[in-house]
Amino acid sequence: MHLLEVKNLRTRFRTDAGTVHAVDGISYFIDEGEIIGLVGESGCGKSVSQLSVLQLIPVPPGEIAGGQAVFEGRDLLRFEAKGPEMREVRGGKISIIFQEPMTSLNPVLAVSRQLTEAMELHLKLDRKSSRARALDLLRMVGIPDAEKRFRNFPHQFSGGMRQRIMIAMALSCRPKIVVADEPTTALDVTTQAKVLEVMNDLVRRFRTSLVLVTHNLGVVARYAQRIYVMYAGRIVESGTSKDIFGNPKHPYTIGLLRSVPRLDETRKERLVPIPGSLPDLANMPGTCAFLPRCTRAGEDCRREPWGELRRVEGEHYTSCRMEMG
Amino acid sequence: MSGPAKEILLEVKNLRMHFPIPAGVLRRRPTAWVKAVDDVSFLIRKGETLGLVGESGCGKTTIGRCVLRIYAPTSGEIFFQQKEIGRLPESEIRPLRRQMQLIFQDPFSSLDPRQTAGSIVAEPLKIHSPATSFERRERVEELFRLVGLEPSMMRRYPHEFSGGQRQRIGIARALAMNPAFIICDEPVSALDVSIQAQITNLLEDLKNRLGLTYLFISHDLSVVRHISDQVAVMYLGRIVELTSWRELYENPLHPYTQALLSAVPIPDPFVEEERARIFLEGDVPSPVNPPAGCNFHPRCPRAIAGCQELSPALVETGHEHRVACIRVGE
């Protein structure tokens, strides 16, 4: 059994422009101690899928329309969103790190208090032992002079330090899974490298599982063992990191990999972009969402509905029927 | 560089831009200065692209704003088409602005939501040229085609466009007055990965077709490598390394450039497995109180005692490669 297995998750939002199927039937799993990457561009549903699993979707306008999220044998989606079982999981057994640390930390509380709060709640620690653990965590994520800075407020830290505090918070209740939603996108490249390294070391040390949600292919290449590529609410390709980067099968994955200039390749005359633009999720045609931008689409693609994931080999799956021959 | 040296379009000499930090009840008395740009010199030849890279707060945007004279520099000289513009009064700057344009990072906040795309692109023409409304319309249509937009989209409002299309509108507006020089300030950073390559290619095509010269400001070292002829690396208000793109990426000499390059993730697990990283100590210090001597020394893996003493000048090491580090070439 997997630690978390999400099956056929569907989340939609009612908007003035119509119903948006933000997550349109995705299935994935994560095992203990594993790092998986959820990769895609804006609006592909990568963040919404994670918020759905934790029932953090605003209802209305949002709605989890179907699916299961089986964690430790129980379906999280059957819990009351604000009920005690969900609360025990959220922030306790599954914690989340957001992109922008300044907006996810409370500006008027000292970081010490923000760290101890969750531990008192989830681990039932008293003031003294939660403070001791909070201090340990700050040292672990590499905050210099942790004792001195313990009572500082978020604005007194730099962006990279704030993100480390978020990591400390996310790990504070000994979670089974940490979801990191674009954890380094707001950071500079040298800071990004350090924060990712800190995260990688810690999840290995505690055998925590990590879901790395990002648009940055480079970030997942270094750290994720398995990768799910999302487009317009669905997973279009999944496999081990080496499958996805070494032998990509979906034209979207291939297009993404080809469109980014790489430091280790000879400089090209021109980049090879993916033509067109991202689809309008309120107006989906029913056929493959990538069809209007696809250079290798065939007759079947225009006629048939969007394909389900099919196995290429081993753990490697793609939804593209052209690759299946 | 090969062939005869091309004409210099822009030359910046010893540019300083220090912002006062006001204090006191009336906030009139500066107590300290933010040294956003400190003694920066570089030049850009006609038809070339200078990539300016560095992390947030290093002063790269401030340099762009000084060149456009949005800011009046604290000291130093700026020669544009052989003319010193660093100290010109505003009235003499205005006509020059037709020659120099800016492309912004965020295509969502840089377009007026209440104007149609056509009217946004026509705005510089209304201000700077005596054209009739018919001529303006013709020109706007031409600009739309030039940046890959349908002229029929002129009547639409910014929110009806995707991020990539909005950036095209911003580019069309910058091109309206036939500028010679464009400052691209993080022009693709806010765009989705699959769209970035489209806009990068468009900028390159326009440069070749219209003979433009770019100052390309970005924190993305891979994009800068792709688009630049020369590259300048900035740290805390100073240029620490300046050379051709090939020299910089194949033979980086400054320890900061080396750390920066090693931190860029490469989308390939096979390559990443073999790659070593240089991790820097601490964070970028405040530009209010930069460290004495070389301002990179507290984080530098190669620092020696002498690094705390004097601020190293940008010196030529051969191969038209300039570095500000006393340890280079020891």
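**Two helix packings in a predicted complex**

Let me begin inside chain A, where the axes of helix H7, residues 159-171, and helix H8, residues 189-206, come within 10 Å and cross at roughly 15°. I should say at once that this is a predicted model, and that every value I quote is computed from it.

Since angles under 35 degrees count as roughly parallel, H7(A) and H8(A) are therefore roughly parallel to each other, and H7(A) passes H8(A) in a right-handed crossing. On the H7(A) side, the residues that meet H8(A) are Gly159(A), Gly160(A), Gln163(A), Arg164(A), Ile167(A) and Leu171(A), while H8(A) offers Thr191(A), Lys194(A), Val195(A), Val198(A), Met199(A) and Leu202(A). Sorted by character, the residues of this contact between H7(A) and H8(A) come out as 6 nonpolar, 4 polar and 2 charged.

The second packing joins the two chains. Here helix H11 of chain A, residues 251-259, meets helix H6 of chain B, residues 193-210, with axes that come within 9 Å and cross at roughly 45°. An angle of that kind falls outside the roughly parallel class, which takes angles under 35 degrees, and also outside the roughly perpendicular class, which runs from 65 to 115, so H11(A) and H6(B) are described as oblique to each other. The crossing of H11(A) past H6(B) is left-handed. Gly255(A), Leu256(A) and Ser259(A) make the contact from H11(A), and Val193(B), Ser194(B) and Ala197(B) make it from H6(B). Of the residues in this contact between H11(A) and H6(B), 3 are nonpolar and 3 polar, with no charged residue among them.

Let me turn now to chain B as a whole. Chain B contains 10 helices and 12 strands, and its C-alpha trace spans about 70 × 60 × 45 Å along the principal axes. For 330 residues, a compact globule would have a radius of gyration near 20 Å, and the 21 Å found for chain B agrees with that expectation.

Finally, a word on confidence. The mean pLDDT of chain B is 91, with 98% of its residues at 70 or more. Within chain B, confidence is lowest in helix H2, residues 90-93, at a mean of 88, and highest in strand E10, residues 238-244, at 97. For the complex, the predictor gives an ipTM of 0.86 and a pTM of 0.90. As a general caution, where pLDDT is low, the predicted coordinates should not be read in detail.

How values were computed. Residues numbered from 1 in each chain as written. Chains lettered and ligands numbered in written order. Predicted model: local features only at pLDDT ≥ 70, side-chain atom pairs only at ≥ 80, totals over all residues. Axes fitted to C-alpha atoms, helices over the stretch in contact; angles between N-to-C directions. Helix = DSSP H or I, 4+ residues; strand = E, 2+ residues; numbered from the N terminus. Parallel < 35°, antiparallel > 145°, perpendicular 65-115°, else oblique. Left-handed = near helix turned anticlockwise from the far one by under 90°. Contact = placed C-beta atoms within 7 Å. Nonpolar A, V, L, I, M, F, W, Y, C, P; charged D, E, K, R; others polar. pLDDT = per-residue confidence, 0-100. Rg over C-alpha atoms; globule rule 2.2 N^0.38 Å.
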